[in-house]
Structures are given as C-alpha cells and as structure tokens.
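Trainee: Please take the residue that best repays close inspection in this model and describe its surroundings, following each neighbouring element in turn.

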Amino acid sequence: MAPTFNLIGLVVADMGASLAFYRRLGLDIPAEADSAPHVEVTLPGGLRLAWDTVDAIRSFDPGCAAPDGGAQASLAFACADPAEVDKTYQDLVQAGYEGYMEPWDAFWGQRYAVVHDPDGNGVDLFAPLS
C-alpha cells in the first residue's frame, strides 16, 4: 500500500492573524482556535489543512525557523467565476492583506490572482475564463 496525501501544514507567526485570513476565504474555523498552538480543519474530499505556531513546532524541532514573510508554501482556492476572483482579491486587499498579483486573464484560460497570507505564503485565486 502506498502512502496517502492527507495534510498540508503551515507554520505561522501569529495564529489569530493567519486564521482570520483563511476564514475570509470561507474556511470554517472556530474563533476559540485563535489562541491554540495547533489547529486543523478537514477540507471537502478529506484533505486536512493545519496551522502550527513556531513554538509548537519548536517543542519537537528546536531548529524550526520562524516565518520571515517570504513564501514557504502556496495554496490555491477555486472561485465560481472570474467575477468572484476579482471580488475575493479586492475584499482581501481592502481588509489589509498584501495583494501580490492583481487579477488577470492568464494565457492558460483562467482568471488568476495572488494574495499573500499574514506569513507571506502565496494564496492563488482562480476560475475558468469561459
């Protein structure tokens, strides 16, 4: 039997700030999770997304480096249509998150944009053009 891909883990500098960002993208994360050292949610299809504070990781890996604002990972969120890409991007930027690539019509047939989460990870927003 082969291993099964099951979890994406992000190391975060500020749990509450990171979870607030992902809530804006529709993830159902309880408010009380903001002060937890480890949080995870199960996404549709069973894949899990987890967040760990630097201190939580350092409890078993003392060499863990704190996020430095540079991308450590990239996540992508499918939107219903190109208008939702534009709206989601604008909502996030207006909420104070860093817009990295404004929405554009990509040559591969998608409306595409990139916003950085509070730890500098790229979060892609996309939808088919037609």
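Mentor: Contact means heavy atoms within 4.5 Å. The model is predicted, so local features need pLDDT of at least 70 and side-chain atom pairs pLDDT 80 or more, while totals for chains, interfaces and linings use all residues. Residues are numbered from 1 along each chain as its sequence is written, and side-chain values use heavy atoms, without hydrogens and water.

The residue proposed is Phe21, one of the buried residues of α1 (buried: under 20% relative accessible area, 1.4 Å probe, protein chains only). Helix α1 spans residues 15–24 (helices are DSSP runs of H or I, at least four residues; strands are runs of E, at least two). Alongside Phe21, the helix buries Met15, Gly16, Ser18, Leu19 and Tyr22. After α1 comes Gly26, with a positive phi near 95 degrees.

When neighbours within four places in sequence are set aside, Phe21 is in contact with Leu92, Tyr97, Val115, His116, Asp117, Pro118 and Val123. Of these residues, Val115 and Val123 are also bridge partners, Val123 lying in β7. Strands β6 (residues 110–116) and β7 (residues 122–128) pair in the antiparallel sense over seven bridges (two strands pair if DSSP finds at least two bridges). Five residues separate the two strands in their hairpin, where Gly120 takes a positive phi near 90 degrees.

On the matter of aromatic rings, Phe21 belongs to a cluster that ring pairs also extend to Tyr22, Trp51, Phe77 and Tyr97. Rings of Phe, Tyr and Trp (its six-membered ring) pair if their centres lie within 6.5 Å; planes under 30 degrees apart are stacked, over 60 edge-to-face, the rest tilted. Over the whole structure, nine aromatic pairs are found. In one of them, Tyr112 and Phe126 have ring centres 6.2 Å apart and planes at 20 degrees, so this pair is stacked. Tyr112 lies in β6 and Phe126 in β7, 14 residues apart, and the pair thereby links distant parts of the chain. Tyr112 counts as buried because its relative accessibility is 13%, and six of the seven residues of β6 are buried.

Strand β6 also pairs with β5 (residues 98–105), in the antiparallel sense and over five bridges. Opposite Val114 in β6 stands Met101. The hairpin of β5 and β6 has four residues between its strands, and Gly109 there has a positive phi near 95 degrees.

Phe21 is likewise among the residues with the most contacts inside the largest nonpolar core (buried Ala, Val, Leu, Ile, Met, Phe, Trp, Tyr and Cys joined through side-chain atoms within 4.5 Å), which has 26 residues. The others with the most contacts there are Tyr22, Leu25, Ile29, Trp51, Phe77 and Leu125. At least two residues of the core come from each of β1, α1, β2, β3, β4, α3, β6 and β7. With four residues, α1 gives the most.

Three of these contributors, β1, β3 and β2, form in that order an open sheet with mixed pairing. Because β1 and β2 stand at the edges with a single partner strand each, one side of each is left without a neighbour in the sheet. Strands β1 and β3 pair in the parallel sense over six bridges, and Val12 has Thr53 in β3 as its bridge partner.

Definitions and conventions
Buried means under 20% relative accessible area, exposed over 50%, partly exposed in between (1.4 Å probe, protein chains only).
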